[in-house]
Amino acid sequence: MTIRNRIFTVVGVVLAAAYLQTLIVLQVENRRSAAADALDRAIWRIAKQAELGRVIVELDALERGYAAAGRHADGADHDRLWGLYERATALLPESLDAPGSKRELAAIDALMREWRAAPPGPDRARLMGRVRAEFDRLETLERGRLGDDRIKVNSQSLQSTLLTLGIPAVAIVMLLGLVAFVARILLDPLKAIAASARKISAGNFDVSLPKESKDEIGDLVRAFREMITAVQRRQREVTEAFARERQQSEISAALRVKAEREHQRLQATIETVPVGLLIVDAETGRIVLQNRAAGLFIGHEPRDDAERDAYWRAFTVTTRDGTAVDVRTWGAERVLQGQAIVGEELVVTHPERREMPILVSAAPLREDDGRISGGVVAFQDITSLYEVDRLKTEFVSIVSHELRTPLTSIKGALQLLIDEGIAADPDHTMLMSVALSNTERLVRIINDILDISKIEAGKLELNVRPHAAAEVVKQSLQNVEPIAQGALVTLGADIEPGVPEVQVDLDRVIQAIMNLLSNALKVAPPHSEVTLAARRAGDFVAFSVTDRGKGIPQDKIGLLFQKFQQLDGASTRKARGTGLGLAIVKALVEMQGGRVSVDSTVGQGSTFTVTVPVAR
Amino acid sequence: MKLLLAEDEPDVQLIARLSLKKAGFTVVTVASGVEVLRRVVEERPDAILLDWMMPDMDGYETCRRLKADPATASIPVIFLTARVQEAELARAMALGAVGCIGKPFDALTLGKQVLELLGSR
């Protein structure tokens, strides 16, 4: 039952009780009023009865007075009194409602009427006596009734008083009951819920709620309980979320610290490296970041645009071949298109400083969306490299010259001495030959070193023009003929008919082929043949040098063309070379657009092939 | 045939002189470019061998002056050089020299090389 219904019911009951009480009060009041009326009537009756009695007594007294006077009663007085009697008796019967009284009154009236009709005399006195006796009985009867009525009225009054006092008491009790009821069904649960709410506010979810009755309070309790569950769940979620958040923030704080540290390290590194580093913004072309080395080199560009232009104009920048460039636009196009610049040389002349060669690298910087926002530029002062390079060239030049001069003397002296044949002992001639051959070897080494250093420095100039392949073969073979004779090896030429002209630097291609030939002669067994063949191979002519030596193991072929590599160097004295020969061959041939290859079978010999382009 | 040999290095000068003498040349030796210019008029050599690098006046400058002087311009000049570099060879040829002989030269064939260069003129 809902509380509304319950309250309606209880209030209904209280109202019904009040109504009932009112009915009872009215009833009691009616009865009391009726009793009071009866008493009034009884009093009035007594009065009338007394009046009748007085009339009767007066009639009797009148009779007796007249009798005592010996005369007969005057008719007029008698009639007046009789009239009074008649009036008294006429009024009485309606109030004398008790049957006994009515009978007595009837008897009295009958006796009176008999008394009136009776002639004076004793009969009349006797009749009067009977009347008086009857009247006494009536009076006694009526007085008894009056007492009863009084008792009844008193009783009714008492009841009425008790009710008058009792009803409000009952009403108060009922109201108190009502209040207590409302308090119990409404206020107590509300109070409990309020207390629970306070506990929950304080963070304590351990609350005891009223039983879930099937009414509004029950609904409220249920809703409240659901709310607690929801709040708890939310709180748990919030707590978890908070914990996660905190964990996240701890992680991110740790990451931040780490990133900070990394950043500091990077910053320190960037500031410390002797390489100038710049970051240039793609949009404005301004330098947005530069390290110390860059600052030392180019200073700091002014903020103002006009000043900035003037600042940069003060620099003279050229590429290595002397072409003037605008350093601010140089490379920008490539970098903005996403290309990297790797180690290109520029020569920068600072207004207040010497000319400085720099090596520049640059790379685009991309945003997350792939847009190029700028470029990072790294540059390095390579003055010292230039200096080292210059010193190396100078050194090689000086060394080669300074060594050649004494070697010229030694070689010439030995040659002349041997040629004179002045030695008394054949051993002496042999010793002088050893000295001579080693001198020549030293000269070859110097020549090779000079060649390789020139090649590496890019200073070897080629004089490329068309030459007959046969001429190349002829001259190459001619130059090694003396060595072949000394080694007891036959030289053979194998020129394909109709082989075209080649586009080469004659001296250099002969130098390369001679190198191969002299290598072949070193490994060729006595009385074997070394051949030089020339054949067309597509757009190239292949010059192949074939020997019948021991051959080269497959795993050693890769080393052949590296500098200072000598295979089997110590095996025979005559095989000793500089270790630069094949490296020079490779470099010379490749500079002319050709290639070198080796085909070798261990135990059968090797074929070294140089291919050079056909002349057009 | 008379050759004027200019070589500042005494040992090299000796070897070259002996080698050329052996090949049948008459050799007059000097040790500097300045001496070449001084002696060339009195000696009237058939050819001049000039070391490229010499103190006072180097072979290049000496050659330039020889070619600039109508009295000596017709005398063929051959360079002796330790630097076999194309650029130098080209410069020498541009001056009017007949050729270069690299150092170390072959003492047995030096005379032959000189004759070949003179003949190829």
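Q: Two strands pair if DSSP finds at least two bridges between them. Which residue of E2(B) stands opposite B:Ala6?
A: Heads up, this is a predicted model: local features need pLDDT of at least 70, side-chain atom pairs count only at pLDDT 80 or more, and totals for chains, interfaces and linings use all residues. Residues are numbered from 1 along each chain as its sequence is written, and chains are lettered from A and ligands numbered from 1 in the order in which they are written. Strands E1 (residues 2–6) and E2 (residues 26–30) of chain B pair in the parallel sense over 5 bridges; strands (E, at least two residues) and helices (H or I, at least four) are DSSP runs, numbered from the N terminus. Opposite B:Ala6 in E2(B) you'll find B:Val30.

Q: Is the β-α-β crossover from E1(B) to E2(B) left-handed or right-handed?
A: Follow the chain from E1(B) through H1(B) to E2(B). If that path runs clockwise with the strands pointing away from you, the crossover counts as right-handed. Here, the crossover is right-handed.

Q: Which helix supplies the largest share of the side of chain B that touches chain A?
A: 17 residues of chain B are in contact (C-beta atoms, placed from the backbone, within 7 Å) with 16 residues of chain A. Helices H1 (10–22) and H4 (86–95) of chain B each supply at least two residues of chain B's side. The largest share, 5 residues, comes from H1(B).

Q: Are H4(A) and H5(A) roughly parallel or roughly antiparallel to each other?
A: The axes (lines fitted to C-alpha atoms over the stretch in contact, with angles from 0 to 180 degrees between N-to-C directions) of H4 (residues 122–201) and H5 (residues 216–272) of chain A come within 10 Å and cross at roughly 10°. Under 35 degrees counts as roughly parallel, over 145 as roughly antiparallel, 65 to 115 as roughly perpendicular and the rest as oblique. So these two helices are roughly parallel.

Q: How many nonpolar residues does the contact of H4(A) with H5(A) have?
A: A:Ile185 and A:Pro189 of H4(A) are among its residues, as are A:Phe224 and A:Val231 of H5(A). Ala, Val, Leu, Ile, Met, Phe, Trp, Tyr, Cys and Pro count as nonpolar, Asp, Glu, Lys and Arg as charged, and the others, Gly among them, as polar. With no polar and no charged residues, the nonpolar count is 11.

Q: How do H12(A) and H14(A) run, roughly parallel or roughly antiparallel?
A: The axes of H12 (residues 506–523) and H14 (residues 581–591) of chain A come within 9 Å and cross at roughly 150°. That makes H12(A), relative to H14(A), roughly antiparallel.

Technical notes. Contact = placed C-beta atoms within 7 Å.
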